[in-house]
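Here is a short report on how parts of one chain pack together. Look at the structure first, then read on.

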Amino acid sequence: MMIDPPIDKMIDKVGCKYALVCLVTKRARQLLDKDGENLNNSGERAIAAAAREVYGDKVTAGYED
C-alpha cells in the first residue's frame, strides 16, 4: 500500500483517478526506458519515483480538447 505521497492529494492535483493512473504509469515507463539501470541501483521502483514526481509537481497532466 502506497502511503507516501498521499494518493488523495495527488488526485486533487491531476483531477481524477484515471488521469492519475495514466500519468504515473506513462512516467514510470519513461523512467524505465531512460534510467532503468539507475533505478535498479538505487533500489527505488519506477512507479514510486513517478508518483513522487507527480506529487512534487515535476510532472503535470496536459489535457487536449
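Val 59 sits in the segment after α3. The model is predicted. Is Val 59 buried or exposed? Its relative accessible area is 16%. Buried means under 20%, so Val 59 counts as buried.

What does Val 59 touch, leaving aside neighbours within four places in sequence? Its contacts are Leu 23, Arg 27, Glu 53 and Val 54. Take Leu 23. Val 59 and Leu 23 are 36 residues apart in sequence. In space, their C-alpha atoms are 8.4 Å apart.

Now turn to Arg 27, a contact of Val 59. Arg 27 lies in helix α2, which spans residues 17-42. Arg 27 is buried because its relative accessible area, 18%, falls under the 20% cut-off. Not counting residues up to four places away in sequence, Arg 27 touches Ala 50, Glu 53 and Val 59. Glu 53 is thus listed as a contact of both Arg 27 and Val 59.

The two buried residues, with their values:

| Residue | Place | Relative accessible area |
|---|---|---|
| Arg 27 | helix α2 | 18% |
| Val 59 | segment after α3 | 16% |

Next comes the core. The largest nonpolar core has 16 residues. Val 14, Leu 20 and Val 54 have the most contacts inside it. Which helices supply at least two residues each? They are α1 (7-14), α2 and α3 (46-55). Helix α2 gives the most, with seven residues.

Leu 20 shows how this packing looks from one residue. Leaving aside neighbours within four places in sequence, Leu 20 is in contact with Ile 7, Met 10, Ile 11, Val 14 and Val 54. Val 54 is also a contact of Val 59.

Note on methods: Residues numbered from 1 in each chain as written. Predicted model: local features only at pLDDT ≥ 70, side-chain atom pairs only at ≥ 80, totals over all residues. Heavy atoms only, no water. Helix = DSSP H or I, 4+ residues; strand = E, 2+ residues; numbered from the N terminus. Buried < 20%, exposed > 50% of the residue type's maximum accessible area, 1.4 Å probe, protein only. Contact = heavy atoms within 4.5 Å. Core = buried A, V, L, I, M, F, W, Y, C linked by side-chain atoms within 4.5 Å.
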